[in-house]
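Trainee: I should like to learn how to read the features of a protein model. May we work through one together?

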Amino acid sequence: MVLLQVHLPPGATLSEALRSLGLSEEDVDLGYGLVAVLPEAGLYVLRVTEEAGRRADGQVFADPPIEPG
């Protein structure tokens with residue numbers, strides 16, 4: 001899985017994001033959901049499959065596991 005940063009209308013929902021990006025529920029981590037980074041600017045992040053990250057229009061970031069040190 002990767003993190004996908006996208007611009008959506010302020011106040012967007014996960015359903016609206018999926019529709020806008022052409023993604024299905026199988027493409028995203030529904031438990032992670034749609035996270036508002038800067039909601040007033042319409043900047044959001046979703047956790048998606050690598051394939052969905054390549055298909056969607058947005059910036060992709062790695063999502064490395066966080067483990068105790």
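The dialogue below takes up the core, a helix, a surface patch and the salt bridges in turn.

Mentor: Please keep in mind from the outset that this is a predicted model. Let us begin with the interior.

Trainee: Which residues of the largest nonpolar core touch the most other members?

Mentor: The general idea is that in soluble globular proteins, nonpolar side chains tend to be buried together. Here the largest nonpolar core has 16 residues, and those touching the most other members are L4, V6, L8, L23, L34, L46 and V48. At least two residues of this core come from each of β1 (2-7), α1 (14-21) and β3 (43-48).

Trainee: With which residues is L34 in contact, leaving aside its neighbours within four places in sequence?

Mentor: L34 is in contact with L8, A12, T13, L14 and A17, and also with Y44, V45 and L46.

Trainee: Let us turn to the helix. Which residues of α1 are buried?

Mentor: They are A17, L18 and L21. These residues lie on the same side of α1, because the arc they cover around the axis is only 100 degrees. R19 and S20, on the other side of α1, are exposed.

Trainee: What covers the buried residues of α1?

Mentor: The cover includes β1, β2 and β3. You may also look just after α1, where G22 takes a positive phi of about 70 degrees.

Trainee: Which residues form a nonpolar patch on the surface?

Mentor: The patch consists of Y32, V35, V37 and L38, which together have about 300 Å² of accessible area. L38 belongs to strand β2 (residues 34-38).

Trainee: Why does L38 count as partly exposed?

Mentor: Partly exposed residues fall between 20% and 50% relative accessible area. The relative accessibility of L38 is 38%, so L38 is placed in that class.

Trainee: I should now like to consider charged residues. How many salt bridges does the count come to?

Mentor: The idea to hold in mind is that side chains of opposite charge can pair when their charged atoms come close. In this model the count comes to five salt bridges. One of them joins the side chains of R55 and D27, at 3.0 Å from N to O. Because R55 lies in helix α2 (residues 50-55) and D27 in the loop between α1 and β2, this pair ties together parts that are 28 residues apart in sequence.

Trainee: Is D27 buried or exposed?

Mentor: D27 counts as buried, at 11% relative accessibility. Its partner R55 is partly exposed, with a relative accessible area of 42%. Both residues also belong to a network of salt bridges that links D27, E51, R54 and R55.

Trainee: With which residue does D29 form a salt bridge?

Mentor: D29 forms a salt bridge with R47, and their closest N and O atoms are 2.8 Å apart. D29 lies in the loop between α1 and β2 while R47 lies in strand β3, so this pair ties together parts that are 18 residues apart in sequence. D29 is partly exposed at 21% relative accessible area, and R47 counts as partly exposed at 23% relative accessibility.

Trainee: Where does D63 lie, and which side chain does D63 meet in a salt bridge?

Mentor: The side chain of D63 meets that of R47, at 2.4 Å from N to O. D63 is in the segment after β4 (59-62) and R47 is in strand β3, so far as the chain is concerned 16 residues apart. D63 is partly exposed, with a relative accessible area of 25%.

Methods: Residues are numbered from 1 along each chain as its sequence is written. This is a predicted model: local features need pLDDT of at least 70, side-chain atom pairs count only at pLDDT 80 or more; totals for chains, interfaces and linings use all residues. Side-chain values use heavy atoms; hydrogens and water are left out. A nonpolar core is a set of buried Ala, Val, Leu, Ile, Met, Phe, Trp, Tyr and Cys residues joined through side-chain atoms within 4.5 Å. Buried means under 20% relative accessible area, exposed over 50%, partly exposed in between (1.4 Å probe, protein chains only). Helices (H or I, at least four residues) and strands (E, at least two) are DSSP runs, numbered from the N terminus. Contact means heavy atoms within 4.5 Å. Patches are made of residues with over 30% relative accessible area and no salt bridge: like charges are joined within 9 Å, nonpolar side chains (Val, Leu, Ile, Met, Phe, Trp, Tyr) within 5 Å. Accessible areas come from the Shrake-Rupley method with a 1.4 Å probe; for residues, only the protein chains shown count as cover. A salt bridge is a side-chain nitrogen of Lys or Arg within 4 Å of a carboxyl oxygen of Asp or Glu. The arc is that of the directions from the helix axis to the C-beta atoms.
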